2 protein chains.
Amino acid sequence: MLKNIKFESKYRDFGIKELGVKLARLQRMAQNLKMPALVIIEGWESSGQGNLIYNLVRELNPKYYDVKIFDKLSDNEKMYLEMTPYWINSPQKSNLQIFDKSYYYELFNKKEKDSVYKNYLEGINNFEKAMYDDYAIVVKFFIQISEKVQKNNIESYLDSDYKSLYVEKLDEDQNKHYDKYLKKFDSDIEKTNFDFAKWHILDGSDIKEASKEAIGILIESFEVGIERMMQKRENGERLNRVYKSERTPLDKIDLSKTLSEEDYDSILKKLQKRASELQLELYKQKISTILVFEGVDAAGKDGSIERLIKYMDPRMVKVHAISAPNEEENRYNYLWRFYKRLPKDGDMGIFSRSWYGRVMVERVEGFAEENEWERAYSEIQNFEREIYDHGSLIIKYFVMIDKDTQLKRFEDREEDPDKQYKITEEDWRNREKWDQYIAAMNEMLDRTSTKYSPWVIVEGNDKNYARIKVLKTFIEYAEKHLNED
Amino acid sequence: MLKNIKFESKYRDFGIKELGVKLARLQRMAQNLKMPALVIIEGWESSGQGNLIYNLVRELNPKYYDVKIFDKLSDNEKMYLEMTPYWINSPQKSNLQIFDKSYYYELFNKKEKDSVYKNYLEGINNFEKAMYDDYAIVVKFFIQISEKVQKNNIESYLDSDYKSLYVEKLDEDQNKHYDKYLKKFDSDIEKTNFDFAKWHILDGSDIKEASKEAIGILIESFEVGIERMMQKRENGERLNRVYKSERTPLDKIDLSKTLSEEDYDSILKKLQKRASELQLELYKQKISTILVFEGVDAAGKDGSIERLIKYMDPRMVKVHAISAPNEEENRYNYLWRFYKRLPKDGDMGIFSRSWYGRVMVERVEGFAEENEWERAYSEIQNFEREIYDHGSLIIKYFVMIDKDTQLKRFEDREEDPDKQYKITEEDWRNREKWDQYIAAMNEMLDRTSTKYSPWVIVEGNDKNYARIKVLKTFIEYAEKHLNED
């Protein structure tokens, strides 16, 4: 793609100022429609990215765009899932986010045979698809220059006052091995030229012309994006129910399983000690652990979590109680708040409720549209695949009790002053929709149990039994994961 | 303080489990009262901080506390105002935050004569006072051990499997130069033993006893804190209006100042270029710049900002449009969201409206209680003092127009389709309270104009005049700041 640059924009004869004003107007429109916009600027070193960005934003209201520079990731950023810094900095609804370099910078600098290269490819696909599905305007630019132009640019920067700001080792290395880099760029760009997020190659030999071209492309992208959004508002989304699961895994479980108080007492502490040893070993090996706890209300999720982490070091283990997203979180893709909470390498993040809210409470209560939660099954699979490929241990527990047991526990909670805080009106309301929730849970369990991230169903009527099963499963999976490496 | 440790807790004869249950109950109560809690754990290296934390939290609900480890700051964290990482991680209302090491770790490791030592001292005072004024429970522990106990601990860690996790160079260095460190700890602790946030020294020779003592102290701190909160809820806060300014700086300004279109055109671009050169020079010298824009509605703040930054590199300049705090921001001290937005060294942060909302809109509309906004004058002075002492350049612009000019601009905005988004019902409502706002603004200008952070009043009736004054003042202050260094 880099060898034959074609002009795409139909605005070639417009002045740059005129184009800027046009773009500013469209951006305000997108803002009113609460659409996010993401513009990615990549290119050769010393190709004039700074100038391009300056030209792009000059007519925009500085309150509504933000430029985030990603060149080298910090040591701290490197301790998280590959795509985390980009997710965290993704555009809010109504805002325009410019990435000055991005995950592509990481991709370009990784060899294809590196396992982490694959992680980036898959993470990038997931990220840009999620943006697109949220009706974001996603535009990716690559500034292409010849070996000679790059050489000239480097020389003129070196002559200026600010050479240390502009020229680094990589610039000179690229120029020295131009053909090698060109091949790599071309191949990576080809691989990430998705239908939902295409690349636009700019001719960097004249950065002013390239800027006009870029603004023209941005204008068209805004026009197309806004039209797509308007159509959705008028006609709704085309319903796209991929597959309705008929399987009902929850019907098959045996809730009569119990464990005597004696047996419980005799093994609890030993298992807890073992679990904490394993956590420390995971920490030493810099493997992060993600535990998900889902289940009907009062199934005993939190009690199981408390027993599981009893002897673990609280400095490396964090429990996240997930409820409805807040105002800020609502301005992003629903996975944003979970990327933000993923533990760093070596740490453990426990989610008491999780991203599965999308296909349970948000589905049942109508907070997500049918298309949104239908899409979520595969989005969640992709998300968990990223976590798995990063090398993390992920275990998902589903704690189940029957309807009578739930009633008994609700009543107990209302009577015990130390437990009253655990029961609310909402719990009673959810109980009335028991059957709808069970149907959603059955479909969820069926459709999101993957080889790399299976569900562990925990029979919860007997708390002793449930707590021991949670512990034993953690030990089993952790040992297996540690032995694999 | 470190040589004579006294037992403080009256709970010496209670079992550790019993104490934990008591603490958990109090924490739930504090949670219901929406009180934040901050527990700081400091002490000698190899003194058993991990064990202490483990004992502190074992009976608490893991969903409602969080442990944040601060040992070495990352390179990125070091590029911000000293206290930024701690402010960002301060406890939310209803939550218990444990700092495993903290700003004290930085303080202990700085020499008293270092200029940055003073910055920490002043920043710590401001931070802990702000927490206290927000009715947070603030408890600071220091684990004291003898040279011999430390030696034994280090040796036993070195014998264990996890020596690399526990023992670092600093541990051994402390033990080698025990007396020197002891003297430094003692002196720093003395200096930061504030009335509103006292130190508690724990005898680390028996970490289990020390833990019981710590939980006992925590219980008492929660009891005292909760009582203080209850009293406030019942009786309100004692009104504490320190000083009512009678000065009216806004009456004295000459709004008839104008600048002809010709003069404007002839110097605008030159000044803009000079401003962008200075920004780059500040960037090179790693000096961060904070610009505050306040003023009545439609005074022309945003237009002035746009002209000012016209030729600056958008990658280093960020404009923050500040409106009402969102749900998450409301769970913290009102300065939290501004600490979070301060630019890193070398960058420029422009605030279109700012922390001054506390003493303007929040005061006039009653969103803050009288005591809260009264306190804010000195809190803001302290905040800006921290910024100044960090080496940053701070300039505050107040753009003023008269009431007739405002009316004209409101009407213009309503008629121009490209400007309609700038005018809302709220603007008209605020206009009805013109006199109240002017009174609040006068008091603010009088009470927060300091030597290190003065207000620049900008006569705004004539937009040309205002824009040039903003540019010229920036140039003047930036040149002065650069020459001082």
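In this predicted model, B:S211 sits in helix 10 of chain B, the helix that covers residues 207-235. With a relative accessibility of 0%, B:S211 counts as buried, since anything under 20% falls in that class. Leaving aside residues up to four places away in sequence, B:S211 touches B:I16, B:L52 and B:N55. With B:N55 there is also a polar contact, made side chain to side chain at 2.8 Å.

Next come the two chains and how they are arranged. Chain A can be laid on chain B by a turn of 180° with a shift of 0.0 Å along the axis, and the RMSD is then 0.0 Å. That is what a two-fold axis looks like. Within chain A, the C-alpha nearest this axis belongs to A:E327, 3.1 Å away from it. The interface follows the same pattern: 100% of the interface residues of chain A are also interface residues in chain B, so the copies meet through the same surface.

As for how much of each chain takes part, 42 residues of chain A are in contact with 43 residues of chain B. Between them the chains bury about 4300 Å², and 55% of that is on carbon and sulfur atoms. Three residues, A:K63, A:P314 and A:R315, supply 16% of the area that chain A buries against chain B, which is more than any other three residues give.

Charged groups turn up here too. There are 8 salt bridges between chain A and chain B. One of them pairs B:K310 with A:E59, with the closest N and O atoms 3.8 Å apart. The count of residue pairs in polar contact across the two chains is 11, with both partners at pLDDT 80 or more. On the side of chain A that touches chain B, the elements giving two or more residues are helix 1 (16-32), helix 2 (49-57), strand 2 (65-69), helix 11 (261-284), helix 12 (301-309) and strand 7 (317-321). Helix 11 gives the most, with 5 residues. Sorted by type, the residues on this side of chain A come out as 18 nonpolar, 4 polar and 20 charged.

Over all chains, the salt bridges add up to 75. One of the pairs inside chain A is A:K129 with A:D133, whose closest N and O atoms are 2.9 Å apart. Both residues lie in helix 5 (residues 115-133), 4 residues apart, or about one turn of the helix. A:K129 is partly exposed at 32% relative accessible area, whereas A:D133 is buried at 12%. The pair does not stand alone: A:K129, A:D133, A:R375 and A:E379 are linked in a network of salt bridges.

Chain B has salt bridges that reach across the sequence. B:E45 and B:K101 meet through their side chains at 3.1 Å, N to O. B:E45 is in the loop between strand 1 (37-43) and helix 2 (49-57), and B:K101 is in the loop between strand 3 (96-100) and helix 4 (103-108), so this bridge ties together parts that are 56 residues apart in sequence. Both B:E45 and B:K101 are buried.

Another such bridge joins B:K433 and B:E365, at 2.6 Å from N to O. These two are 68 residues apart, with B:K433 in the loop between helix 17 (425-432) and helix 18 (434-447) and B:E365 in the loop between helix 14 (361-364) and helix 15 (370-389). B:K433 is partly exposed at 26% relative accessibility, and B:E365 is partly exposed with a relative accessible area of 26%.

Note on methods:
Residues are numbered from 1 along each chain as its sequence is written. Chains are lettered from A and ligands numbered from 1 in the order in which they are written. This is a predicted model: local features need pLDDT of at least 70, side-chain atom pairs count only at pLDDT 80 or more; totals for chains, interfaces and linings use all residues. Side-chain values use heavy atoms; hydrogens and water are left out. Contact means heavy atoms within 4.5 Å. Buried area is the accessible area (1.4 Å probe) that two parts lose on being put together, summed over both. A salt bridge is a side-chain nitrogen of Lys or Arg within 4 Å of a carboxyl oxygen of Asp or Glu. A polar contact is a pair of N or O atoms within 3.5 Å; within protein, one must be able to donate a hydrogen and the other to accept it, and residues adjacent in sequence count only if both atoms are side-chain atoms. Ala, Val, Leu, Ile, Met, Phe, Trp, Tyr, Cys and Pro count as nonpolar, Asp, Glu, Lys and Arg as charged, and the others, Gly among them, as polar. Buried means under 20% relative accessible area, exposed over 50%, partly exposed in between (1.4 Å probe, protein chains only). Copies are superposed by least squares on the C-alpha atoms of residues with pLDDT of at least 70 in both.
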